[in-house]
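I set out to look up how the parts of this chain are packed against one another. The entries below follow the order in which I took up each topic.

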Amino acid sequence: MAVQNSTLSKLQSLNGIFAIYKKQGPTSADVLNTLKKALLREAGIANPNPRKRKKQLLKIGHGGTLDSNASGVLVVGIGEGTKMLTTMLAGSKKYRAVGELGKATDTLDVTGNVVEEKSYDHITKEAFEEQLKQFTGEIMQVPPLYSALKKDGQRMSVLLKQGQEVEAKPARSVTVYSLSLQDFSPPCFTIDVECGGGFYVRSLVDDLAKALSSCAHIKELTRTKQGQFTLEEHALKEDRWTWTDISQALQPCPKPSGQQKNAKKAKSKHMPTSSESEGDNGDQND
């Protein structure tokens, strides 16, 4: 028991952020809970459903949701790091997307139902690359209907699956720092995107194909960078979700002063608490 308590104490002493690899399939929240279970299991605590515990043994949250169909870098905050995700994730994100021309789906990716088919034979590599220039810089973008954005407190994707009608959110300004074509083998193509917060790669691929008088959807999406964390250098695979690996990879955050703590306590009396197992900085990139 002493060893278990010692491991748990070590876990609870961690304060900062680190990156893990999210595989294709599970939601970001599912991945986070798998991570939490693995760490609690290492501490000798059988906890099959960490969301249901009234008292959180381990405070963990993620920043920047990835769709279930997407893979790559998912940044996690632990301890006080859950409160620092937005601050410490300032910077751009990078994605590699594989799209397919000629078919549009309701979700804008391969998980959805095909809702439109169009010819793509007229699209050349040169025309494609020329059109990419129109989607670089500050652009206006309408978020997908199937997204983690909320309406009346519920995710739009959940409402749609329940058969409810959902109106598209208004277009908003987003930033694309760079956009390049890596492969063009119709109907498939591969692009690299570096963007700011609130950007949807699914919407980009949909808008790009429409501008080329066709349609398209995303087949594969990988986030290769989020803030200071890159897929190659920082993202821990599932076999390294241990106290030792995380403590070595952790980017520590400054501990709040007594004055800051008191201010937060006073503020918390007037605000609802957020889920500690599903922390999210509201930056919905996919």
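**Helix α6 and its cover**

I began with what packs over helix α6: the cover of its buried residues includes β4, α4, β7 (137-141), β10, β11 and β12. I note here that the model is a predicted one. I then asked how many of the residues of α6 are buried. I found 8 of 11 buried, so I entered the helix as mostly covered, taking buried as under 20% relative accessible area. I listed the buried positions of α6 as Val-201, Arg-202, Ser-203, Leu-204, Val-205, Asp-206, Leu-208 and Ala-209. Just after α6, I noted that Ser-213 has a positive phi of about 60°.

**Nonpolar cores**

I next looked up the largest nonpolar core, which holds 29 residues. Which of its residues touch the most other members? I recorded Phe-128, Leu-179, Phe-189, Ile-191, Val-193 and Phe-199. At least two residues of this core come from each of β4 (93-101), α4, β10, β11, α6 (201-211) and β12 (216-226). I also found a second core, separate from that one, with 22 residues, among them Leu-11, Val-31, Ile-60 and Ile-246. As background I wrote that nonpolar side chains tend to be buried together in soluble globular proteins.

**Aromatic pairs**

My search for ring pairs returned 2 aromatic pairs. In one of them, Phe-128 and Phe-184 are tilted, with 5.5 Å from centre to centre and 55° between the planes. I placed Phe-128 in helix α4 (residues 125-132) and Phe-184 in strand β10 (residues 172-185), so this pair ties together parts 56 residues apart in sequence. I asked whether Phe-128 is buried or exposed. With a relative accessible area of 0%, Phe-128 is buried. Phe-184, at 16% relative accessibility, also counts as buried because the cut-off is under 20%.

Phe-128 also pairs with Phe-189, and this pair is tilted as well, at 4.8 Å centre to centre and 55° between the planes. I noted that it links distant parts of the chain, with Phe-128 in helix α4 and Phe-189 in strand β11 (residues 188-195), 61 residues apart. Both Phe-128 and Phe-189 are buried. I therefore entered Phe-128, Phe-184 and Phe-189 as a cluster linked by ring pairs, the centres of paired rings lying within 6.5 Å.

**Charges over rings**

I then looked for charges over ring faces. Lys-10 lies over the face of Trp-243, 4.8 Å from the ring centre. Lys-237 lies over the face of Tyr-21, 5.2 Å from the ring centre.

**Cysteines**

How many disulfides does the model contain? I counted 0 disulfides. I checked the cover of two cysteines: Cys-195 is buried at 0% relative accessibility, and Cys-215 is buried with a relative accessible area of 2%.

**The protein as a whole**

I closed with totals. I recorded 8 helices and 14 strands in the protein. Of its 286 residues, 47% are buried. Among contacts between residues at least 6 apart in sequence, 73% join residues at least 24 apart. The protein exposes about 14600 Å², of which carbon and sulfur atoms supply 48%.

How values were computed. Residues numbered from 1 in each chain as written. Predicted model: local features only at pLDDT ≥ 70, side-chain atom pairs only at ≥ 80, totals over all residues. Heavy atoms only, no water. Disulfide = S-S within 2.5 Å. Buried < 20%, exposed > 50% of the residue type's maximum accessible area, 1.4 Å probe, protein only. Phe/Tyr/Trp six-rings, centres within 6.5 Å; stacked < 30°, edge-to-face > 60°. Helix = DSSP H or I, 4+ residues; strand = E, 2+ residues; numbered from the N terminus. Lys NZ or Arg CZ within 6 Å of the ring centre and 35° of its normal. Core = buried A, V, L, I, M, F, W, Y, C linked by side-chain atoms within 4.5 Å. Contact = heavy atoms within 4.5 Å. Areas by Shrake-Rupley, 256 points an atom, 1.4 Å probe, with all protein chains shown as cover.
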